[in-house]
Amino acid sequence: MSDAAPRMRIFTPGPVMMWPETLRLGAQQTPYFRNAAFSAVVQDCERRLLQLAHAPDGSRCVFITGAGTAAMEAAVCGLVDPERGAGVVNGGSFGQRFVDICAVHRLPAHVLTVDRDPLSDGTALAQLPASAGALLVNAHETSVGHCYDLGATAAWCAAHDALHVVDAISLFMTDPLDMQADRIDALIVSSHKGLALPPGLAMVLLAPRALARVRTGASYYLDLAAHLGDGVRGQTPFTPAVTIMLQLQQRLTALCEAGPAAEWARVAALAARFRAGLAGLPLRCHARHMPNAMTALALTGAAPDAPTLVRRLEVEYGCVVAPNGGALASTVFRVGHMGALEAGDIDHLLAALQSLLGVL
Ligand SMILES: *Cc1c(COP(=O)(O)O)cnc(C)c1O
């Protein structure tokens with residue numbers, strides 16, 4: 001059964017559904033930004049982001065206009081010492097992205113290839129060279145829906161005097177994360193995942209240990225030092241994503257008021273509702289260490305294949321989920337729980353899965 005024009009529900013791991021107040025701000029004219037009023041917005045966003053991430057005293061946040069990958073590249077260019085190189089946890093396409101960024105900038109990358117290993121027991125990490133000056137890890141490897149144990153990666157960094165550089169783009173504000181408890185030196189975040197804003201704004205939060213090691217000159221547009229310098233007065237070196245910054249301020253104000261734990265619990269409840277509703281369907285969770293943010297699902301029956309299911313969910317039920325690439329393309333697809341989703345949206349998707357998979 002499909003409506004003539006079903007309401008589109010977006011369950012992709014970014015971009016995600018946005019809240020009505022975000023959409024309203026997006027309809028306004030973009031204001032001029034080289035003035036005190038906009039500087040105050042930038043400074044307020046910096047203060048609130050550091051608060052929500054529980055960053056240590058003296059931390060800073062830079063705002064980069066670009067996709068999340070721009071912040072990954074800024075962090076690599078600004079924090080990886082060309083002599084010491086970086087350890088890179090590669091458990092999927094986002095780990096591979098760190099490897100590729102290091103290669104483009106001719107920075108030595110010591111790659112730890114893993115498959116849904118939480119790294120908790122330290123045996124895999126022990127393969128990295130002790131000399132690496134940074135460890136690059138995706139808190140949630142979004143291509144397979146798997147989370148690493150940041151306590152374990154932090155312990156490796158502490159033992160080797162390495163910077164703990166964490167890409168939390170697909171985990172920030174959906175899952176518990178604490179820069180102090182997880183001893184994170186650099187945290188990479190972007191606008192269009194758990195923050196539920198349009199794509200185009202990316203952030204790097206830097207603890208004092210990272211600030212002390214910032215290197216300049218490896219990139220012009222993505223230079224952390226230039227962003228930090230202008231950020232002191234609430235400005236950016238280049239035209240910022242002005243409207244998204246205003247939407248960010250509105251969102252952060254709401255999140256700070258309720259506290260991050262309330263948002264983590266809201267997303268956790270949606271993820272739990274979805275996963276409980278899968279019982280009896282020919283689907284298996286692809287990862288054991290799953291975030292609240294997303295569920296990667298493997299089809300256990302012969303038919304339909306994942307691309308067919310993904311297409312029918314969209315065309316017939318208005319549910320946009322994400323296909324996988326590479327070797328998992330025919331069997332795995334991903335369902336995000338980030339953004340402005342409600343229990344009714346989850347139920348609608350579950351009902352669609354039940355009828356497409358022949359259970360109802
Ligand atoms: C979405 C995502 C990114 C950034 O992707 P962009 O397309 O550049 O915004 C980076 N890392 C992870 C883990 C992600 O999920």
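1. Two strands pair if DSSP finds at least two bridges between them. Keep that in mind for the strands below. The model is predicted.

2. Start with strand β12, residues 294-299. β12 and strand β15 (residues 332-336) pair in the antiparallel sense, over five bridges. One residue of β12 to look up is T295: its bridge partner in β15 is V335.

3. β12 also pairs with strand β11, which covers residues 283-285. Here too the sense is antiparallel, and there are three bridges. Find L283 and look across to β12: the bridge partner is L299.

4. How many residues of β12 are buried? Six of its six are, and the strand is mostly covered. Now check the two faces. M294, A296 and A298 lie on one side, and all are buried. T295, L297 and L299 lie on the other side, and they are buried as well. Both faces of β12 are therefore covered, with buried meaning under 20% relative accessible area.

5. Next, go to helix α8, residues 242-258, and pick out L255. Is L255 buried or exposed? L255 counts as buried because its relative accessibility is 5%, and the cut-off for buried is under 20%.

6. What does L255 touch, leaving aside its neighbours within four places in sequence? L255 is in contact with L52, M173, L195, P260 and E263. Compare sequence and space for one more pair. L255 and R48 are 207 residues apart in sequence. From C-alpha to C-alpha, they are 8.9 Å apart in space.

7. Now the ligand. There are 13 residues around it. Which come nearest? They are G68, T69, T142, D167 and K193. By class, the shell has four nonpolar, six polar and three charged residues.

8. Look at the ligand's oxygen atoms one contact at a time. An oxygen atom of the ligand is 2.9 Å from a polar backbone atom of G68. For T69, the side chain is involved: one of its N or O atoms is 2.4 Å from a ligand oxygen atom. For R97, an N or O atom in the side chain is 3.4 Å from an oxygen atom of the ligand.

9. How much of the ligand does the protein bury? Taken alone, the ligand exposes 380 Å², and the protein buries 88% of that. The elements giving two or more residues to the shell are α3 (68-79) and α4 (93-104). The largest share, three residues, comes from α3.

Methods: Residues are numbered from 1 along each chain as its sequence is written. This is a predicted model: local features need pLDDT of at least 70, side-chain atom pairs count only at pLDDT 80 or more; totals for chains, interfaces and linings use all residues. Side-chain values use heavy atoms; hydrogens and water are left out. Helices (H or I, at least four residues) and strands (E, at least two) are DSSP runs, numbered from the N terminus. Buried means under 20% relative accessible area, exposed over 50%, partly exposed in between (1.4 Å probe, protein chains only). Contact means heavy atoms within 4.5 Å. A residue is near a molecule or strand if one of its heavy atoms lies within 4 Å of it. A polar contact is a pair of N or O atoms within 3.5 Å; within protein, one must be able to donate a hydrogen and the other to accept it, and residues adjacent in sequence count only if both atoms are side-chain atoms. Accessible areas come from the Shrake-Rupley method with a 1.4 Å probe; for residues, only the protein chains shown count as cover. Ala, Val, Leu, Ile, Met, Phe, Trp, Tyr, Cys and Pro count as nonpolar, Asp, Glu, Lys and Arg as charged, and the others, Gly among them, as polar.
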